[in-house]
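Please open the model in your viewer and keep the sequence panel beside it. The tour below proceeds from the whole chain to a single side chain.

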Amino acid sequence: MACQSVSIINMDEQALLGLNPNADACYRQKAMVYFEQLKESQDAWEVCAEALAKGIYSDDHVKFFCFQVLEHQIKYRHGGLSAAQQQLIRETLMKWLQCQLMNSQPEKPFIRNKAAQVFALTFVMEFLTHWPKFFYDILSLVGLNPHGVDVYLRTLMAIDAEVVDRDILHSPEEVRRNTLIKDGMREQVIPSLVESWYQILGAYQQSHPEITCQCLEVVGAYVSWIDLNLIANDRFVNLLLSQMSVQDLREEACDCLFEIVNKGMDPTDKTKLVESLCQVLQSAGFFNVEEEEDVDFLAKFSRLVNGMGQSLVLSWTKLAKGGAVKDATETLRALEAKVPLLLQLLVHEDDDISANVVGFCYDYLHILKQFPLLTDQQKTNVEAIMLAVMKKLTYDEEYNFENEGEDEAMFVEYRKQLKMLLDRLAQVSPELLLEAVRRVFNSTMQTWQTAPFMEVEVAIRLLYMLGEALPASHGAHFSGDTAKTSALQDMMRTLVSSGLSGYQHTSVALEFFETVVRYDKFFLVEPQHIPNVLMAFLDHRGLRHSSPKVRSRVAYLFSRFVKTLHKHMNSFVEDILTRIQDLLELAPPDNGFPALLTSDDQLFMFETAGVLIVHGESPAERKQALMRSLLTPLTDAFRLLLAKLASEGEEERQAALADCLSHAVGFASRTSKAFSNKQTVKQCGCSEVYRDCLQTFLPALSWSCPEGVARAVRSFLHRMIICLEEEVLPFVPAASEHMLKDCEAKDLQEFIPLISQITAKFKVTRDRFSGQMKSIPGPRRSSIEIMF
């Protein structure tokens with residue numbers, strides 16, 4: 001039966017009705033006003049204190065409300081309270097706690113959590129001054145009463161959040177206060193608290209596992225700053241280890257042991273602690289990972305193993321730097337004894353379990369990297385880790401490549417961790433890694449027609465990853481180290497000549513083209529393979545693949561491939577342009593048919609076409625003809641669409657036309673990226689083509705064209721200042737007139753960069769530029785001239 005009193009407290013009952021979440025808005029508003037009144041009053045909060053102490057209200061929301069009011073007084077006005085009022089708070093909390101011991105049912109968790117926060121705030125304010133016996137008073141009251149112990153443990157976690165939690169920002173004054181509190185607790189109460197934890201862990205293991213889990217969480221939180229000897233002793237550790245075998249406790253026991261292992265301490269002592277834990281865990285059968293079916297527990301256990309492994313690595317590092325050769329050797333032996341367990345967890349089918357030990361694995365490899373020579377066992381370990389990484393890189397059959405969700409995103413992140421291991425393996429032993437990848441790759445290539453896509457994809461992926469794991473300056477993987485060059489060349493030759501480019505699975509297709517482009521300098525060594533790879537890019541295997549994802553990525557990769565190897569494509573230029581002609585068409589807004597490529601993808605295609613034309617060996621006249629053939633459809637479409645836009649009244653239709661116009665200008669602009677100092681527009685005979693484009697696009701600036709179109713035309717004009725040089729100057733007056741007609745402030749903001757670019761590019765004098773402006777009407781000319 002609840003602790004009750006017949007005394008009446010004068011609280012606003014109508015306002016209290018508004019505390020119910022289902023109350024009407026007017027009642028909720030009244031409750032908010034009442035809450036503010038009680039918070040700001042000097043002594044009205046005392047009615048809440050009395051309500052809590054005497055258990056007047058049974059409504060959970062009212063109880064929570066009373067604790068909130070009390071919390072505000074302690075947090076913000078404690079210093080201004082009288083000694084009697086501070087005493088009232090202490091008495092209120094203890095009376096409320098006493099009621100909990102008598103109740104048959106505990107309060108709701110949200111009330112107990114709020115009560116624990118209020119206890120913790122009171123402790124922070126008074127432990128160093130008025131209430132040094134805070135914990136003794138609570139412990140003597142609650143004893144082993146489960147309801148009381150629950151509040152006690154919640155209070156300890158709330159104190160940890162207030163005093164210790166490093167994620168919470170504190171003022172310098174609060175930091176000093178918290179340091180004093182921790183020092184005071186270490187001196188006065190921590191041994192008693194640890195003893196209470198031991199008693200709780202032993203008493204409630206069977207009857208109240210939830211309380212035992214709470215206590216394990218408390219131990220894990222406090223172990224970081226208390227004397228470790230109070231916890232890391234035979235009595236306490238054996239109790240924790242025994243709970244590793246209790247189904248309801250094992251995960252929390254793992255977490256607690258993890259915090260103990262992570263405690264900063266002397267490296268030699270840390271090694272001894274980890275070794276003693278491992279011996280007990282191993283003898284209890286916890287190292288037999290294959291026999292464990294509880295995946296949730298294994299996730300916690302793998303985290304513990306990772307903590308033990310990284311602790312040993314840190315101990316070895318400190319000992320080695322300090323010159324303690326014997327102790328460092330012992331620690332390394334202990335560390336390497338854990339590698340078989342590490343490997344079991346690393347290859348586990350559950351990626352979360354595997355990911356939990358990547359840190360330990362990475363740090364172990366970092367140690368091996370520092371040794372000039374590896375022992376046979378260390379080489380065996382390295383090879384085993386390589387095989388584990390290669391196995392775990394493999395996609396699951398359930399991976400959804402066309403509609404990637406959260407699970408797929410998590411695997412992509414996990415793959416990034418595995419890539420870090422592969423890079424570190426390369427630093428430890430590049431020869432072993434190269435040979436292992438070559439072995440897996442060649443084995444898979446022999447049976448790729450019948451192999452599952454996962455195996456084929458990961459074989460190519462490993463070849464691709466070698467490019468970063470074994471880096472080369474400017475991608476020069478096919479010169480220098482003969483062993484590496486020969487191996488990579490052999491694998492690339494196999495890749496491009498095996499017919500594997502016809503494997504239709506999305507992941508394999510993408511990996512093929514990604515790898516071809518990563519090692520594009522291979523084709524400088526063996527250019528005879530370029531025609532076959534070009535066809536793969538151009539047909540159903542690449543740009544016309546059934547997957548939009550593949551087509552989009554290949555459009556970008558093809559542009560990179562052509563930029564690197566255009567000198568070897570002279571005889572294919574016009575054939576390529578013919579094959580991609582339909583991919584260079586501007587999709588009209590009313591087409592209704594989905595295009596093979598998006599407009600963003602087409603930007604890469606136009607840039608590729610420009611590179612092929614500009615860098616081909618055709619004479620200037622032929623280059624001009626090819627460029628005109630490429631750009632004329634864009635200018636023709638631009639004129640037609642601009643006329644339609646001028647007469648179109650529907651907003652949605654206007655937006656579609658404007659997008660199409662912007663794309664047309666953007667595509668033309670993108671082709672100009674092909675020109676360079678060695679291959680200028682003038683040298684290629686393409687000046688007239690781009691002047692015609694300017695002539696077509698500039699009128700879009702002269703009327704209220706959508707901003708997206710105007711922005712695209714301005715961008716094109718900026719490009720032409722770079723590419724056409726002096727030949728652009730005759731267009732400047734017309735462009736200026738278009739941009740400044742009925743201009744506003746924002747129009748001037750757009751105009752100034754243009755003029756700045758022109759003056760910087762050509763270093764024209766004010767007089768010369770003024771002469772260029774004479775064709776502009778008087779008012780416009782004067783406004784421009786003022787700027788100069």
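**From the surface to the core**

Begin with a surface representation of this predicted model. The protein chain exposes about 36400 Å², and carbon and sulfur atoms supply 51% of that area.

Next, colour the charged side chains. The protein chain carries 78 positive and 104 negative side chains; the centres of these two sets lie 8 Å apart.

Now change to a cartoon. The protein chain contains 38 helices and zero strands. Rotate the C-alpha trace along its principal axes, where the spans are about 100 × 75 × 50 Å. The radius of gyration of the protein chain is 37 Å, whereas a compact globule of 788 residues would have one near 28 Å.

Display the contacts in the protein chain with a separation of 6 or more: 73% of them join residues 24 or more positions apart.

Then hide the surface and select the buried residues, which make up 49% of the 788 residues of the protein chain. In soluble globular proteins, nonpolar side chains tend to be buried together. Here, the largest nonpolar core comprises 262 residues. Select Met185, Trp197 and Phe301, the residues with the most contacts inside this core. Proceed to helix α23, residues 453-469, which supplies the largest share of the core with twelve residues.

Finally, centre the view on Met185. Which residues does Met185 touch, not counting those up to four places away in sequence? Show Phe123, Phe127 and Phe135, then Ile190 and Leu193, and lastly Tyr222 and Trp225; Met185 touches each of these residues.

Notes:
Residues are numbered from 1 along each chain as its sequence is written. This is a predicted model: local features need pLDDT of at least 70, side-chain atom pairs count only at pLDDT 80 or more; totals for chains, interfaces and linings use all residues. Side-chain values use heavy atoms; hydrogens and water are left out. Helices (H or I, at least four residues) and strands (E, at least two) are DSSP runs, numbered from the N terminus. The radius of gyration is taken over C-alpha atoms; the globule rule is 2.2 Å times the number of residues to the power 0.38. Buried means under 20% relative accessible area, exposed over 50%, partly exposed in between (1.4 Å probe, protein chains only). Contact means heavy atoms within 4.5 Å. Accessible areas come from the Shrake-Rupley method with a 1.4 Å probe; for residues, only the protein chains shown count as cover. Lys and Arg count as positive and Asp and Glu as negative; His and the chain ends are not counted. The place of a charge is taken as NZ of Lys, CZ of Arg, CG of Asp or CD of Glu. A nonpolar core is a set of buried Ala, Val, Leu, Ile, Met, Phe, Trp, Tyr and Cys residues joined through side-chain atoms within 4.5 Å.
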